[in-house]
Each structure stands twice: as structure tokens, then as C-alpha cells.
Amino acid sequence: MKKIICILLLCTVLIPVQAQEDPVDHSEKVKTLDSTINTLYHVISGEKGSARDWTLFKFLFKPDAKLIPSGKTKAGNLKVHYMSPDDYVKSSGKWLVDHGFFEKEIHRKVDAFGNIAQVFSTYEAFKSESDDTPFMRGINSIQLLNDGERWWIINIYWTQETQEHPIPEDYLPN
């Protein structure tokens with residue numbers, strides 16, 4: 001009987017304390033299409049040794065969202081790799097911190113209808129914010145959904161620029 005009373009007392013003390021904890025409100029970061037895309041680029045970027053806010057990163061994505069890099073294998077075959085946001089953090093998170101990585105959007109083309117949007121976002125990648133020359137460029141194809149309250153990333157499908165496939169002029173700044 002004493003154990004039951006102690007458990008009940010602990011529950012009445014601990015539950016209100018937990019309920020009072022207020023998680024960080026990220027709603028402004030996903031309120032508009034622009035703020036959602038800007039947050040995506042910001043959250044993965046940082047200097048060597050700088051931690052990323054992976055909780056915020058995951059907050060951008062609808063459950064079951066996919067990140068899909070595409071490119072060629074060493075043998076020259078085209079490939080895609082499907083990842084969840086958690087998979088992305090596990091496979092790339094440490095590398096981003098260990099090496100430094102800044103992905104900067106240089107051009108955006110948006111097609112939207114109703115509550116869906118398709119964004120072709122051209123990027124340049126740098127190892128440090130102070131770098132003048134990118135080590136890589138490419139295009140992120142980002143599909144998003146607005147549920148009436150916020151924008152959700154459904155998928156990001158991307159490829160890097162190559163000599164064989166340079167970024168078309170339509171997707172570069174004027």
C-alpha cells in the first residue's frame with residue numbers, strides 16, 4: 001500500500017512539472033514557403049565543429065518524407081538513394097560537422113497549385129561561410145505541402161552539377 005501511495009504522490013508531483021515544460025516553438029520557421037526553405041538551408045549549414053539543430057531539421061518534414069540524392073556510381077550508372085530525415089542525420093550529420101558545410105540557395109523557381117508546391121532550388125556548397133568559391137553546385141527539387149497552418153517538406157530530390165550536366169541557365173541567377 002505504501003508503494004502505491006508513493007507512486008501516486010510521485011505522479012502528482014512529476015506530471016505537472018513535465019506539463020509545464022514548453023518546447024521551442026518553431027512555427028514561424030514553417031509559416032511560409034520562403035521561411036521553410038530558408039530554414040532548411042540554415043539548419044544544415046555551419047562551420048567545422050558547429051553542431052546542427054537536428055530537432056529543427058526533422059521538424060521541417062512530414063512523417064514518411066524522403067531525402068533522395070541522385071548521381072552516378074563509380075561505374076557510371078545512375079543511382080538514387082532513399083533516406084528518411086533520421087537516415088540523413090545518421091549518414092551525413094557527423095560529416096557536416098567534421099568538415100564544415102554551407103549550402104546557399106542562389107536561385108529558386110516555384111510552381112504551386114492549391115496546397116502543394118514544387119521548388120527547384122539551385123544551390124552552391126562551401127566548406128566555410130568565408131569561402132569565395134563553391135566546391136559543388138546542384139539543384140534541390142523540393143516538394144512541399146501546406147496543411148493550412150504550416151508548410152511541410154514531403155521530399156527533397158537532388159543532383160549535383162557535373163561537366164556532362166551543367167546547371168541550365170533557367171536555374172541560375174540573372
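## Salt bridges around a six-stranded sheet

Let's start at one residue: Asp 86 has 36% relative accessibility, so it counts as partly exposed (buried means under 20% relative accessible area, exposed over 50%, partly exposed in between, with a 1.4 Å probe and protein chains only). Before going on, please note that this is a predicted model, in which local features need pLDDT of at least 70 and side-chain atom pairs count only at pLDDT 80 or more, while totals for chains, interfaces and linings use all residues. Residues are numbered from 1 along each chain as its sequence is written, and side-chain values use heavy atoms, with hydrogens and water left out.

Which residue does Asp 86 meet in a salt bridge? The partner is Lys 58, at 2.8 Å from N to O; a salt bridge here is a side-chain nitrogen of Lys or Arg within 4 Å of a carboxyl oxygen of Asp or Glu. Lys 58 sits in helix 3 (residues 54–59) and Asp 86 in helix 4 (residues 85–99), so the pair ties together parts that are 28 residues apart in sequence. Helices (H or I, at least four residues) and strands (E, at least two) are DSSP runs, numbered from the N terminus. Lys 58 is likewise partly exposed, at 36% relative accessibility.

Now turn to the sheet. It is open, with 6 strands in the order 2-1-6-5-4-3 and mixed pairing; two strands pair if DSSP finds at least two bridges between them. At its edges lie strand 2 (78–80) and strand 3 (102–113), each pairing on one side only. From one strand to the next, the twist averages 20°. Strand 1 (residues 61–72) pairs with strand 2 in the antiparallel sense over 3 bridges, and Ser 70 stands opposite Val 80 in strand 2.

Helix 2 (residues 33–44) packs on this sheet, touching strands 1, 3, 4 (116–126), 5 (136–146) and 6 (151–160); contact means heavy atoms within 4.5 Å. The direction of helix 2 makes about 155° with that of strand 3. Axes are lines fitted to C-alpha atoms, for helices over the stretch in contact, and angles run from 0 to 180 degrees between N-to-C directions.

Back to the charged pairs: the whole structure holds 9 salt bridges. Among them, Arg 137 and Glu 161 have their closest N and O atoms 2.9 Å apart. Arg 137 lies in strand 5 and Glu 161 in the segment after strand 6, 24 residues apart. Finally, Asp 34, Glu 105 and Arg 108 are joined into one network by salt bridges that share partners.
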